[in-house]
Amino acid sequence: MDFMVFQYPMITVQACLDGILLGVLFALIAYGMALQWGVMNIINIAQGDLVILGGYIAYFMYLYGIHPAWGVIVSPFIMYFVGVGIYKLVINKVVDRDLFISILATFGISILFMQLMNFAFGADVVLANSGYGTTFLFDSNVVLPNSKIFSAVVSIAFAICLVIYMKKSKLGRAIRATAQNARAAKILGVDTEKVYAATFGINAALCGVAGALISITFTIHPYMGLPYTIRSFMIVIVAGLGNLPGVAMSGMGLGVFEEFADYILGTEFRIGSVFLLLVLILVYRRFKLSRKREYLK
Amino acid sequence: MKKNLILYASILVFGLAAPFIFPAFKVQLSILCVLIILAVTWNIQGGEMGYNSFGNILFYGLGMYLCASVQVGMFFPLAEWTESGGEKTFVHTPAQFFQGMAAGLVVAAVVPTIVAGLIGYSILGLRGHYFAICTLGLGVAAGEISGGIEIIGAGQGFTTPPFPNVGGLEARGEFFYFCSFFALVLAFITIRAIYSTRFKLILNAIRDNEDKAEAMGIETMKYKIIGWMVSAFFCGLAGGIMGGLVGYIDSTDVAFDGREMGVFMVLMAILGGKGTLWGPIIGATVFHIFKEGFWTFFLGWQYVALGVLIVVIVIYFPEGIMGWLREKYPERFGEVVDEADRKAQVELK
């Protein structure tokens, strides 16, 4: 336990800024999850592992002497095809089945990816050094790495591009129609199979962007995927499906919460507090809904 | 009925004689017993009640830590024990070891049951995938948090008391085998007994349509909690035995091991066939044989195999072995089949 936070107000500012910059990244991953959850009604446990895989793509570009920031462009392209591949192999067989089946199937994919990445890239914690330097604010009391600011700006840009794409393009309209009513969309000539594949691909591409940014700002490790899945799940249920400002806000809120948990409880309880928060949020929602005789469905 | 009695008697005799027939596989047989307990108790939630839990690992890990802590804490200061790690400054006498183990197993079974009862009301109100993810979070959170608590060894792990030097070389394996075998027999008898009562019908009603069951006047929440408490009791017991058997408790790799045990119990029950009494037992046996073969010959690739296995079972084999048998030989399961109707269905397909 450490109560430095309350004695030095600058640490509070630092934690808030760190948390917001981190939370934007979480919101980007959660946006992908909300997209495929809304359209295909699938909860993808392998979401976090897609993020880590995207991070390794940027890391390898860094190893071969290319600036890792280009990973933000390259990684989504590769990840799109990885996502479509996963869809064709596994997900299209579980789309219209029981939700638990899809959870378990993606859990299997998650374990598979974890181990394959462990073989391919080794079990070391790695990061791609962007060499962006740091910004000092408030008399050097608050230190912000420029890479974090870069990652937040890039994620916001990607999110805005995607929102416009979903509103304007033909595929975006088809995706939204399928999310509203898959059967009606099919009758009206939408190839839902293609829409599903594209949705999963876009989700994977978003994960790729987020992963590349995480490899620049933080660290990546083959086994770090599950916390990202849980965070994005939590953000989506707090915000609700199809509520974009809500996703952004709750993403930042979660980021700030984590930074404070880190300062107050200690780093060893950081992941544990995220998972505990998930349980608490679900239980809170269960009691809130039970007053109206409803339930989470 | 008489045929069943002979079957049970022969299984019991085989179980009692197994460590002497296959002395080299005693540890494997004990692990098999623990796996069967976990699969059978998971089946109460996942198969009969329709609540797919990833969180039964919570009770398993809790039982493991509690049993070891009680066994040590009854006679020695716990903090110093965990601090000394592998070097044993304190040694249990045989009497202390067995007394501690007995008391530890009682605590390991009772406390998770109480915990299940306390959290049951909040957690079991969730439905479908919210329940699945919430319990997944519970298991991982327990692992992460217990990995930060100093008194039970934090990150460096907890060494359970070594088996005292009595009864020769084979005594340790035989002791743990009989512990786990008796726990299995107890679990099987209890579950078979409750499956023959109205309780099972209520659980199935909850699975099929909870709202209707509630409208029929069944207090579904009460039965859900009782079902979870039964699971927690045996999971805790299995965890306590497993802790002694492994000899070393790590927070995320042994106790709250969601990546292994937590998935295994789900997979075994599905492989054998959810919602049947014998399915999880058959599933656990098949899975254990497969797992040991794979873990021995393809070391390093086991998690790849596990991931592929999960996907394949879930997609192509969701009904499990019992479901497949049921489709093939429905007469054996007491279903009356109209031949003409069956043929008509086949033609329709």
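In this predicted model, chain B has a radius of gyration of 21 Å, which agrees with the value near 20 Å that a compact globule of 349 residues would have. Along its principal axes, the C-alpha trace of chain B spans about 75 × 45 × 40 Å. Buried residues make up 47% of the 349 residues in chain B, and, of the contacts in chain B with a separation of 6 or more, 81% are accounted for by residues 24 or more positions apart. The secondary structure of chain B consists of 16 helices and two strands.

**Helix crossings in chain B**

Helix α10 of chain B, residues 220–246, takes part in the crossing with helix α3, residues 57–73, and also in the crossing with helix α8, residues 198–208. The geometry of these crossings is set out below.

| Helix pair | Axes come within | Crossing angle | Handedness |
|---|---|---|---|
| α3(B) and α10(B) | 6 Å | roughly 50° | right-handed |
| α8(B) and α10(B) | 10 Å | roughly 110° | left-handed |

With axes that come within 6 Å and cross at roughly 50°, α3(B) and α10(B) are therefore oblique to each other. On the side of α3(B), the contact is made by F59(B), Y60(B), G61(B), L62(B), G63(B), M64(B), L66(B), C67(B) and A68(B), while α10(B) contributes residues including A232(B), C235(B), L237(B) and M242(B), together with glycines such as G236(B), G239(B), G240(B), G243(B) and G244(B). By class, the residues of this contact of α3(B) with α10(B) divide into twelve nonpolar, seven polar and no charged.

For the other pair, the axes of α8(B) and α10(B) cross at roughly 110°, and that makes α8(B) roughly perpendicular to α10(B). Here F199(B), I202(B), L203(B) and I206(B) of α8(B) meet T220(B), Y223(B), K224(B) and G227(B) of α10(B). The contact of α8(B) with α10(B) has five nonpolar, two polar and one charged residues.

**Contact between the chains**

The contact between chains A and B takes 36 residues from chain A and 33 residues from chain B. On the side of chain B that touches chain A, at least two residues each are supplied by α5 (94–123), α6 (128–146), α12 (261–272) and α14 (302–316) of chain B. Of the elements on this side, α6(B) gives the most, with twelve residues. The residues of the side of chain B that touches chain A comprise 21 nonpolar, nine polar and three charged.

**Local features in chain A**

W37(A) lies in helix α2 of chain A, and W37(A) is buried, with 23 other C-beta atoms within 10 Å. Leaving aside residues up to four places away in sequence, W37(A) touches I42(A), I43(A), V236(A) and L241(A). A152(A), by contrast, is 115 residues from W37(A) in sequence and 24 Å from W37(A) in space, C-alpha to C-alpha.

N41(A) is found in the loop between α2 (9–40) and α3 (47–63) of chain A. The backbone of N41(A) has a phi near 55°, a positive value in a residue other than glycine. With 15 C-beta neighbours inside 10 Å, N41(A) counts as partly exposed, whereas W37(A) counts as buried.

Key
Residues numbered from 1 in each chain as written. Chains lettered and ligands numbered in written order. Predicted model: local features only at pLDDT ≥ 70, side-chain atom pairs only at ≥ 80, totals over all residues. Contact = placed C-beta atoms within 7 Å. Helix = DSSP H or I, 4+ residues; strand = E, 2+ residues; numbered from the N terminus. Nonpolar A, V, L, I, M, F, W, Y, C, P; charged D, E, K, R; others polar. Rg over C-alpha atoms; globule rule 2.2 N^0.38 Å. Buried ≥ 20, exposed ≤ 12 C-beta atoms within 10 Å, placed from the backbone. Axes fitted to C-alpha atoms, helices over the stretch in contact; angles between N-to-C directions. Parallel < 35°, antiparallel > 145°, perpendicular 65-115°, else oblique. Left-handed = near helix turned anticlockwise from the far one by under 90°.
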